[in-house]
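This report covers a strand and its partners, the surroundings of a ligand, and two positions taken from a database record. The sequence and structure come before the text.

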Amino acid sequence: MVCQVIRVAVAGASGYAGGEALRLLAGHPEVEVGAVTAASSAGARLGYVHPHLLPLADRVLAETTPELLAEHDAVVLALPHGASAALAAQLPADVLVLDCGADHRLADPVAWKTFYGSEHAGTWPYGMPELLTGATSKQRDALVGARRVAVPGCYPTGISLALAPGFAAGLLEPADVVVVAASGTSGAGKGLKANLLGSEVMGSMSPYGVGGVHRHTPEVEQNLTGAAGEPVTVSFTPTLAPMPRGILATCTARVRAGVTAAQLRDAWQQAYADEPFVVVLPEGSWPRTSDVLGSNVVEMGLALDERVGRVVVVAAEDNLTKGTAGAAVQCLNLAFGLPETLGLPRTGVAP
Ligand SMILES: NC(=O)C1=CN([C@@H]2O[C@H](COP(=O)(O)OP(=O)(O)OC[C@H]3O[C@@H](n4cnc5c(N)ncnc54)[C@H](OP(=O)(O)O)[C@@H]3O)[C@@H](O)[C@H]2O)C=CC1
Ligand SMILES: CC(=O)N[C@@H](CCC(=O)OP(=O)(O)O)C(=O)O
């Protein structure tokens, strides 16, 4: 356990993920917010780009340099894909680096090249403590004391947590997994065009990245393969929903012959019984994105569709909280030996 305050810098502080990291860090009892950095908004008051962050409103966004970031105990990188790897390589090994981008999530360089089209930067411990990596082992162990963390993607968070218990318990077939998920518009970052939001997104839902081409597909497959101990393949279709925040992922997989609804419920309950941030709802209850808005919780409900032999798991999360910045803070707590839940809300702001 560290005794002094942890100084944390946020790079990409003018963006959505950076803003959410600052909202959480500003309320964290062991953290002092250090440098806040950006690119095109460097020089602006933080209060100008994030009026909701009142306690930090008079901070001025600095340019993002490794020298400035290196003065901190921890750095949250909330930058576009590809920008974090080069920066992280220039930071001292004893500074905790939490990369909200995808650069260090995938272990397979071929999958990286196929879905991201650039050279693979390397693989860091994956920041999803609750993820089953076998029958009972979880990802948490690799995060205690870590100094480099690849924070998961927003869709892979809800989807992987939704299906891992069934694979870890050997109850699901590894092929024929189907996921359709809806995301709020903040998932696309602040660059999503205002006119697109007004005329095409609000009042409508639309699919994108259809046909197995979305870059979160290999991340989900990597996570579920780790839980199953054999290759898992996934058909994933994302959709854009007319709401600012939230992801609702509907995940289905074929159950092995003879598997009962009681066995399924048992596996999910056992997997998450001690997890503060993963909630399995009672039979017949289903999650809503509004219930987890601003909270670090993934809520899920499950049922066996006996007619077709498939388990259906529906998971809800806030893409900016548990889907990125909340996971980063959770991993910071683990890395520094603090209680894992420190500074992280378990309550949402519904309706
Ligand atoms: N939005 C979400 O729900 C989630 C996002 N993430 C990941 O978090 C990261 C940030 O996403 P998000 O906040 O949505 O994106 P935004 O577009 O909202 O913000 C991007 C931030 O990065 C800064 N920036 C852009 N280019 C550079 C550069 N070359 N060097 C330094 N800073 C730069 C921008 O600064 P400026 O504005 O000053 O130009 C801005 O602060 C991405 O990797 C994303 O994939 C992960 C999970 C969920
Ligand atoms: C709605 C929307 O556009 N969402 C983004 C996901 C953003 C995210 O969180 O994922 P990464 O961290 O991997 O960027 C997308 O589909 O690309």
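Helices here are DSSP runs of H or I with at least four residues, strands are DSSP runs of E with at least two, and both are numbered from the N terminus. The model is predicted. On that basis, residues 7-139 are 25% helix and 17% strand. The C-alpha atoms at the two ends of residues 7-139 are 25 Å apart. An unreviewed UniProt entry gives residues 7-139 as "domain: Semialdehyde dehydrogenase NAD-binding".

**Strand β1 and its partners**

Strand β1 covers residues 6-11, and 5 of these 6 residues are buried, so the strand is largely enclosed by the rest of the structure. The pairings of β1 are listed below.

| Partner of β1 | Residues | Bridges | Direction | Facing residues |
|---|---|---|---|---|
| β2 | 31-38 | 5 bridges | parallel | V10 opposite V36 |
| β4 | 74-77 | 4 bridges | parallel | A11 opposite L77 |

Strand β1 is also part of a right-handed β-α-β unit, together with β2 and helix α1 (residues 16-26). Helix α1 appears again in the ligand shell described next.

**The shell around ligand 1**

Which residues come nearest to ligand 1? Among the 30 residues around the ligand, these are G15, A38, S41, G101 and G189. Two elements, α1 and α10 (321-335), each contribute two or more residues to this shell. Helix α1 provides the largest share, with 3 residues.

By residue class, the shell around ligand 1 consists of 17 polar, 12 nonpolar and 1 charged residues. By domain, at least three shell residues come from domain 1 (6-152 + 322-335), and at least three come from domain 2 (155-319).

**The annotated position C154**

The unreviewed UniProt entry also places the feature "active site" at C154. In the model, C154 belongs to helix α6, which comprises residues 154-168.

Is C154 buried or exposed? A residue is classed as buried when 20 or more other C-beta atoms lie within 10 Å of its own. C154 has 29 C-beta neighbours inside 10 Å and therefore counts as buried.

Key:
Residues numbered from 1 in each chain as written. Chains lettered and ligands numbered in written order. Predicted model: local features only at pLDDT ≥ 70, side-chain atom pairs only at ≥ 80, totals over all residues. Buried ≥ 20, exposed ≤ 12 C-beta atoms within 10 Å, placed from the backbone. Pairing = 2+ DSSP bridges. Right-handed = clockwise from strand over helix to strand, strands pointing away. Near = placed C-beta within 6 Å. Nonpolar A, V, L, I, M, F, W, Y, C, P; charged D, E, K, R; others polar. Domains from an automatic or database assignment. UniProt positions renumbered as here; feature names shortened; annotations may be inferred.
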